[in-house]
Amino acid sequence: GRGIEFEEVREYVPGDDVRTIDWNVTARTGTAFVKKFVEERELVVLLVVDVSASGSFGSGEKSKRAAAAELAALLAFSAGRSGDKVGLLMFSDRTELYVPPRSGRRHALRLVREVLAFRPSSRGTDIGGALREAAQLLKKRGVVFLLSDLMDERDFESSLKMLNRRHDVVALELFDPAEREWPSRVAADLEDSESGEYADFSGSGAAAALNGRLVELA
């Protein structure tokens with residue numbers, strides 16, 4: 001939605017709302033100052049979508065990648081109805097594709113097609129790197145939606161905190177039920193979709209043993 005954004009401070013004049021007084025500046029100068037705000041005319045939304053190999057897993061009707069596409073469509077069209085610009089950053093262990101923010105229905109449809117059809121060049125995951133890239137790309141304050149299964153051996157908490165200092169960041173975790181609780185009495189050959197590691201498991205805990213990054217079940 002739209003809101004207001006701080007622009008500057010100016011000296012207080014009779015009739016100003018006392019709730020807008022900047023007490024820090026007033027205390028330093030000895031003269032009353034108030035904060036001046038301007039209305040935000042448009043909002044920039046950036047969809048940061050994980051396209052690493054772990055997103056291809058799905059034990060039910062859809063994969064995590066398909067769920068990410070549905071969420072991206074919902075967010076893109078919602079931003080479009082508000083007249084806001086929306087962009088797309090897809091990543092694996094590198095930046096795979098960046099589409100600059102624009103407004104309009106055709107642009108939103110393009111973003112959805114990209115998420116559905118794009119084939120990444122790498123299989124790994126680097127969430128921290130994607131968040132740092134997003135921080136460099138967004139020049140003005142915006143809203144960042146991170147769509148990922150959050151499966152990353154690298155630490156990305158510090159990058160998430162740094163991005164959230166300047167922008168509103170919403171992390172949406174995508175997961176498959178089989179990654180949380182493996183079906184009982186089901187034996188399977190499991191492959192880590194990012195490292196290629198194989199293992200034979202049966203019973204609970206199979207998915208957790210390979211960090212839930214599953215690609216083939218036999």
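Before we look at anything, let me fix one term: a residue is called buried when its relative accessible area is under 20%, exposed when that area is over 50%, and partly exposed in between, with a 1.4 Å probe and protein chains only. By that scale Leu 150, at 28% relative accessibility, counts as partly exposed.

What you see is a predicted model, in which local features need pLDDT of at least 70 and side-chain atom pairs count only at pLDDT 80 or more, while totals for chains, interfaces and linings use all residues. Residues are numbered from 1 along each chain as its sequence is written, and side-chain values use heavy atoms, with hydrogens and water left out.

Let me begin with the whole chain, which has seven helices and nine strands; here helices (H or I, at least four residues) and strands (E, at least two) are DSSP runs, numbered from the N terminus. Of its 218 residues, 42% count as buried. If we take contacts, meaning heavy atoms within 4.5 Å, between residues at least 6 apart in sequence, 68% of them join residues at least 24 apart.

Now please turn to helix H2, residues 64–81. Its 18 residues should span 26 Å at 1.5 Å a residue, and because its end C-alpha atoms are 26 Å apart, the two values agree; the expected span is 1.5 Å times one less than the number of residues. Among the buried residues of H2 are Lys 64, Arg 65, Leu 75 and Ala 79. After the helix comes Gly 83, whose phi is positive, near 75 degrees.

How do H2 and helix H3, residues 105–117, cross? Their axes, which are lines fitted to C-alpha atoms over the stretch in contact, with angles from 0 to 180 degrees between N-to-C directions, come within 9 Å and cross at roughly 170 degrees. That makes H2 roughly antiparallel to H3, a label for angles over 145 degrees, where under 35 would be roughly parallel, 65 to 115 roughly perpendicular and the rest oblique. On the H2 side the meeting residues include Ala 69, Ala 73 and Phe 77, and on the H3 side they include Leu 109, Val 112 and Leu 116.

From there we can move to the largest nonpolar core, which has 23 residues; such a core is a set of buried Ala, Val, Leu, Ile, Met, Phe, Trp, Tyr and Cys residues joined through side-chain atoms within 4.5 Å. Strand S3 (44–50), H2, strand S4 (85–91), H3 and strand S6 (143–148) each supply at least two of its residues, and the largest share, six residues, comes from H2. Leu 88 is one of the residues with the most contacts inside this core, and, leaving aside neighbours within four places in sequence, Leu 88 is in contact with residues including Leu 47, Tyr 98, Leu 111 and Val 115.

Two loop residues deserve a moment. Val 51, in the loop between S3 and H2, is buried, with a relative accessible area of 0%. Its C-alpha atom and that of Arg 65, 14 residues apart along the chain, are separated by 7.1 Å, and Val 51 touches Arg 65, among others including Met 90, Glu 96 and Pro 120, not counting residues up to four places away in sequence.

Finally, let us return to Leu 150, which sits in the loop between S6 and helix H5 (157–166). Most residues other than glycine have a negative phi. Leu 150, although not a glycine, has a positive phi of about 60 degrees.
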